[in-house]
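Reader: I'm in my first year and still learning to read these pictures. Could you take a close look at one helix and what it packs against, and then walk me through the rest from there?

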Amino acid sequence: MEVIVGDFGIVVVPRDAADTDRIMNHSSILRKYKNNIMVVKDDINHPMSVVSSTKSRLALQHGDGHVVDYLSQPVIDYILKSQLYINASG
């Protein structure tokens, strides 16, 4: 995590009204590299705010087609070709 945030930075799109300040203050690494973190706060309805890795895995495991609403077809194809998320342990 430190290499990713420290060397590259991250963009955070909060969902479910997450308190990003509290979360960042809870982590020494995130506090250390807070200038490398961009939090998108201006659009509650941002399309990426509905993306959830857990929800995506569960949807793919159960054959739920709604993942096409927020995952591109090449990503879905890669996941299926690589047989990712086939079992419950992910």
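Author: The buried residues of α4 pack against α5. "Buried" here means under 20% relative accessible area, while exposed means over 50% and partly exposed is in between (1.4 Å probe, protein chains only). Helices are DSSP runs of H or I with at least four residues, strands are runs of E with at least two, and both are numbered from the N terminus. One caution before going on: this is a predicted model, so local features need pLDDT of at least 70, side-chain atom pairs count only at pLDDT 80 or more, and totals for chains, interfaces and linings use all residues. Residues are numbered from 1 along each chain as its sequence is written, and side-chain values use heavy atoms, with hydrogens and water left out.

Back to the helix. In α4 the buried residues are Ser56, Ala59 and Leu60. They sit on the same side of α4 because they cover an arc of only 95 degrees around the axis; that arc is taken from the directions from the helix axis to the C-beta atoms. There's a handy rule behind this: an α-helix has 3.6 residues a turn, so residues three or four places apart point the same way. After α4 comes Gly63, with a positive phi near 70 degrees.

Now for what that buried side belongs to. Ala59 and Leu60 are part of the largest nonpolar core, a group of 6 residues that also includes Val67, Leu71, Ile76 and Ile79. A nonpolar core means a set of buried Ala, Val, Leu, Ile, Met, Phe, Trp, Tyr and Cys residues joined through side-chain atoms within 4.5 Å. The elements giving two or more residues to this core are α4 (53–61) and α5 (73–81). Take Ile79: leaving out residues up to four places away in sequence, Ile79 touches Leu60, Leu71, Leu84 and Tyr85, where contact means heavy atoms within 4.5 Å. Another core lies apart from the largest one and has 5 residues, including Val5, Leu30, Tyr33 and Ile37.

In the segment after α5 you'll find Gln83. Gln83 has a positive phi of about 55 degrees although it is not a glycine. With a relative accessible area of 55%, Gln83 counts as exposed.

Let's zoom out. The protein chain has 5 helices and 2 strands, and along the sequence they run α-β-α-α-β-α-α. Of the 90 residues in the protein chain, 19% are buried. Among contacts with a separation of 6 or more, 59% are between residues 24 or more positions apart.

You can see some of those links around β1. Val11 is in strand β1, and Val11 is exposed because its relative accessible area is 57%. Not counting residues up to four places away in sequence, Val11 touches Met38 and Val40. Val11 and Val40 are 29 residues apart in sequence, yet their C-alpha atoms are 7.2 Å apart in space. Further along, Arg15 is in the loop between β1 (10–12) and α2 (20–26), and Arg15 is partly exposed at 38% relative accessibility. From C-alpha to C-alpha, Arg15 and Val51 are 8.6 Å apart, with their positions 36 residues apart in sequence. Then there's Thr20, in helix α2, which is buried with a relative accessible area of 9%. Apart from its neighbours within four places in sequence, Thr20 is in contact with Val12, Pro14, Val39 and Lys41.

Last stop: charges and the surface. A salt bridge means a side-chain nitrogen of Lys or Arg within 4 Å of a carboxyl oxygen of Asp or Glu, and by that rule the count is 1. Lys32 forms a salt bridge with Glu2, and their closest N and O atoms are 3.0 Å apart. This pair links distant parts of the chain, with Lys32 in helix α3 (residues 28–32) and Glu2 in helix α1, 30 residues apart. Lys32 is exposed at 56% relative accessibility, whereas Glu2 is partly exposed at 33%. Helix α1 (residues 2–8) also holds Ile4, which joins Val3 and Phe8 in a nonpolar surface patch of about 350 Å². Patches are made of residues with over 30% relative accessible area and no salt bridge, with like charges joined within 9 Å and nonpolar side chains (Val, Leu, Ile, Met, Phe, Trp, Tyr) within 5 Å.

Terms used:
Accessible areas come from the Shrake-Rupley method with a 1.4 Å probe; for residues, only the protein chains shown count as cover.
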